[in-house]
Amino acid sequence: MSDITLSAGVRQNLLTLQSTADMMATTQNRLATGKKVNSALDNPTNFFTSQSLGARANDLNNLLDGIGNAIKTIEAADNGITAITKLVESAQSTARQALQDGSAGSGTVVESSSSISTNGLTPVSGESIQDQAKRQTLANLGFANGDTITLQTTDTATGSVSSIAINVGTTQKTDGTGPVATVQDVLDVINASGVATAEVTDAGKLKITGSDSETINLSIVDTGGDASTATTQATSLAASLGFGTNSNVDLSDPADGDYVDAGETAVTFTDGATAGAADSLSITTQANPAANSSTRQKLVSQFNDILGQIDKLAADASFNGINLINSSSSKLTVAFNEKRDAATKSELKIGGEDLTSSGLSISQVSSLSDTEANTSLDELSEALITLREAGSKFGSSLSTVQIRKDYTKAAINTLQTGADNLVLADTNEEGANLLALQTRQQLSTTALSLSSQADQAVLRLF
């Protein structure tokens, strides 16, 4: 108070005591907060630098959540790829089962009921029936120049017709050395045409094979037939090739008598009725497609169900609303720093993949015929390649994001450590300071007391 006068000694000790109290308050505040710089008044440079470093550390820390979500999104996609790969492999197994199913799809076959006649041949020691049948001449079998052997296949799925006509005495061997003369020459011409596959079996039988969706017709025309209706020349030629006898070219009658069911063989002939008129005989085996196999039909359903599961699995492989394998238009953007302008921002954009059955170009099947099963296996093989490439892509992206996550954590730690170093107090030092100040305070109090006692000595004079 201005109207109270203190002696110089008391005032000096009082000021010292007040200064010590201020320093004790400062030290106690540092010990309480752990910081030596608590405001810009303490140290403007350190305070604002620390704030800047801490703010960036907080920004990066906020990005860690996004980076973590990105990692989980990629992991979800990778899990989906792994599961879809297993489904594709399961579909491969189903297609292979269809190929192994012997009840249908093995091809349509026209096969003679007995061996090709070897009459007229000179026997060769040790020669097999198969070899004898192959070298048998058409002349020995009764064929003459002008007679015709026609092979025709009709694809029941597309309606496409393919045929090859062999005119005895005119059609050339495949090597161009002259007209066909033996059974082997006929086989060579048929096989070279691509219409069907012709062979002589170990038992010496003529066997012609087409695909499981093709109906096969073998026609034999004798241009100079006889007048007999009981024994026609065309029938006799067929019999020489092993198709029964003159009176029985057909195999056993079908149960329903119509010869139009899958795999059934029908035989018809036209008698020229007069000598010199052409006799013709037709042997037709109906296509026996895989669609007629109950086993394959079950596999068809199983195969298409797997494709449906692939689509559902791809749709389920999302995380936090982002799905990287259900559409090629999906996208994941991962930010690695707090910058937003194009020149300084750091981010990774991960494009999605369409790994649905359609995206993998895997088609549904209708019959799983040999052709369709093989086509599906090719598609599935390509799908596996696509899945491996997608897995590699996401694996690389996952590695990059994980590396940036680890880096961001390290950067946050560095920023926070640097910021703290600028403002944190040394608690050991501050503790020692507080102890010293407490001692100084006690001494200052004692000195103030002594000064007061000196002033009080005046009272003894009264």
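## A three-stranded sheet

In this predicted model, strand 1 pairs with strand 5 (residues 206-210) in the antiparallel sense, over four bridges. One residue pair can be named here: V110 has I208 of strand 5 as its bridge partner.

These strands belong to an open sheet of three strands, in the order 1-5-4, with antiparallel pairing. Strand 1 (108-111) and strand 4 (197-200) are the edge strands, each pairing on one side only. On average, and with direction ignored, neighbouring strands of the sheet are turned by 20 degrees against each other.

## The helix on the sheet

Helix 4 (residues 183-193) packs on this sheet and touches strand 4 and strand 5. The direction of helix 4 makes about 160 degrees with that of strand 4.

Which residues of helix 4 are buried? They are V183, D185, V186, L187, V189 and I190. Their cover includes strand 4 and strand 5, along with helix 3 (129-135), strand 2 (148-155) and strand 3 (161-167). After helix 4 comes G194, with a positive phi near 80 degrees.

## Two nonpolar cores

The largest nonpolar core has 40 residues, and I84, V88, F303 and F394 have the most contacts inside it. At least two core residues come from each of helix 2 (44-100), helix 6 (294-316), strand 11 (331-335) and helix 7 (370-423). Helix 2 gives the largest share, 12 residues.

Leaving aside neighbours within four places in sequence, F394 is in contact with I74, A77, I81, L324, I325, I350, G351 and E353. Another core, of 33 residues, lies apart from the largest one. Among its residues are F143, I190, L206 and I208.

How values were computed
Residues are numbered from 1 along each chain as its sequence is written. This is a predicted model: local features need pLDDT of at least 70, side-chain atom pairs count only at pLDDT 80 or more; totals for chains, interfaces and linings use all residues. Side-chain values use heavy atoms; hydrogens and water are left out. Two strands pair if DSSP finds at least two bridges between them. Axes are lines fitted to C-alpha atoms, for helices over the stretch in contact, and angles run from 0 to 180 degrees between N-to-C directions. Contact means heavy atoms within 4.5 Å. Buried means under 20% relative accessible area, exposed over 50%, partly exposed in between (1.4 Å probe, protein chains only). A nonpolar core is a set of buried Ala, Val, Leu, Ile, Met, Phe, Trp, Tyr and Cys residues joined through side-chain atoms within 4.5 Å.
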